[in-house]
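Me: Please take a close look at a single part of this model for me, namely how its helices and strands pack against one another around the buried interior. I would like one connected account that I can follow with the structure open beside me.

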Amino acid sequence: MCVLESIRKLVIVVGHDHHPFDRLFELFERQTQLCPVEQIFIQKGVSQRKFKYEGLAKKVEIHDFVGSDVLMQKITEADLIVCHAGGGVLRDALLAQKPC
């Protein structure tokens, strides 16, 4: 079963926390193998994980951190936002009326 079945644009965001959230990234690597999406945008924070998203989407962007203006643009364009439940990302997703 694919939880990303109707998702075209996926945003995965972890904030400035010291935790790498590697299990979160691993989960979504497995999901995109089952059900590819068109675009994936990742703000990976401090994670040193070797990402395997290449080839699983037409466009993959991976950044350590981005500015709030770039992040808000990506959130606005996304079909789904996956985050670590940081207050800033949750606020931005709610403002953009996007599922998080």
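Reply: What follows goes from the paired strands to the cores, and then to the helices and the loops that join them.

The model is a predicted one, and every statement below should be read with that in mind. A good place to begin is strand 2, which spans residues 39-43 and is mostly covered, with four of its five residues buried. Strand 2 pairs with strand 1 in the parallel sense, over five bridges, and within that pairing Lys9 has Gln39 of strand 2 as its bridge partner. Strand 2 also pairs with strand 3, residues 59-63, again in the parallel sense and over five bridges, and here Phe41 has Glu61 of strand 3 as its bridge partner. The connection from strand 1 to strand 2 runs through helix 1, residues 22-34, and the three elements together make a right-handed β-α-β unit.

The largest nonpolar core has 17 residues, and those that touch the most other members are Leu4, Leu10, Ile12, Phe28, Val37 and Val82. Strand 1, helix 1, strand 2 and strand 4 each supply at least two residues of this core, and helix 1 gives the most to it, with three residues. As a general matter, nonpolar side chains in soluble globular proteins tend to be buried together. Leu10 is a useful residue to select on screen: leaving aside its neighbours within four places in sequence, Leu10 is in contact with Leu4, Phe28, Thr32, Val37, Gln39, Ile40, Phe41, Leu80 and Val82. There is also a second, separate core, of 12 residues, which includes Ile81, Cys83, Ala93 and Ala96.

Helix 2 can be read next, and its buried residues are Leu71, Lys74 and Ile75. These residues cover an arc of only 100° around the axis, which puts them on the same side of helix 2. The spacing rule behind such a pattern is that an α-helix has 3.6 residues a turn, so residues three or four places apart point the same way. What covers the buried residues of helix 2 includes strand 1, strand 2, strand 3, strand 4 and helix 3.

Helix 3, residues 87-95, has Val89, Asp92 and Ala93 buried. Viewed down the axis of helix 3, its buried residues fall within an arc of 100°, so they line one face of the helix. Gly87, Leu94 and Leu95 are exposed, and they are carried on the face of helix 3 that is turned away from its buried side. The cover over the buried residues of helix 3 includes strand 1 (9-13), helix 2 (68-77) and strand 4 (80-83).

After helix 3 comes Gln97, a residue with a positive phi, near 55°, although Gln97 is not a glycine. At 73% relative accessibility, Gln97 counts as exposed. A positive phi of about 55° also occurs at Phe21, which is likewise not a glycine. Phe21 has its place in the loop between strand 1 and helix 1, and with a relative accessible area of 24% it is partly exposed.

Helix 1 also takes part in the one aromatic pair that the structure holds. Phe25 and Phe51 form this pair, which is edge-to-face, with 5.1 Å centre to centre and 75° between the planes. The pair links distant parts of the chain, since Phe25 belongs to helix 1 whereas Phe51 lies in the loop between strand 2 and strand 3, 26 residues apart. Both Phe25 and Phe51 are buried.

One further loop residue completes this account, namely Phe65, which is found in the loop between strand 3 and helix 2. Phe65 is partly exposed, having a relative accessible area of 36%. Leaving aside its neighbours within four places in sequence, Phe65 is in contact with Gly15, His16, Gln43, Gly45 and Val46. For a sense of distance across the model, Phe65 and Gln31 are 34 residues apart in sequence and 23 Å apart in space, C-alpha to C-alpha.

How values were computed:
Residues are numbered from 1 along each chain as its sequence is written. This is a predicted model: local features need pLDDT of at least 70, side-chain atom pairs count only at pLDDT 80 or more; totals for chains, interfaces and linings use all residues. Side-chain values use heavy atoms; hydrogens and water are left out. Buried means under 20% relative accessible area, exposed over 50%, partly exposed in between (1.4 Å probe, protein chains only). The arc is that of the directions from the helix axis to the C-beta atoms. Contact means heavy atoms within 4.5 Å. Two strands pair if DSSP finds at least two bridges between them. A crossover is right-handed if, with the strands pointing away from the viewer, the path from the first strand over the helix to the second runs clockwise. A nonpolar core is a set of buried Ala, Val, Leu, Ile, Met, Phe, Trp, Tyr and Cys residues joined through side-chain atoms within 4.5 Å. Rings of Phe, Tyr and Trp (its six-membered ring) pair if their centres lie within 6.5 Å; planes under 30 degrees apart count as stacked, over 60 as edge-to-face and the rest as tilted.
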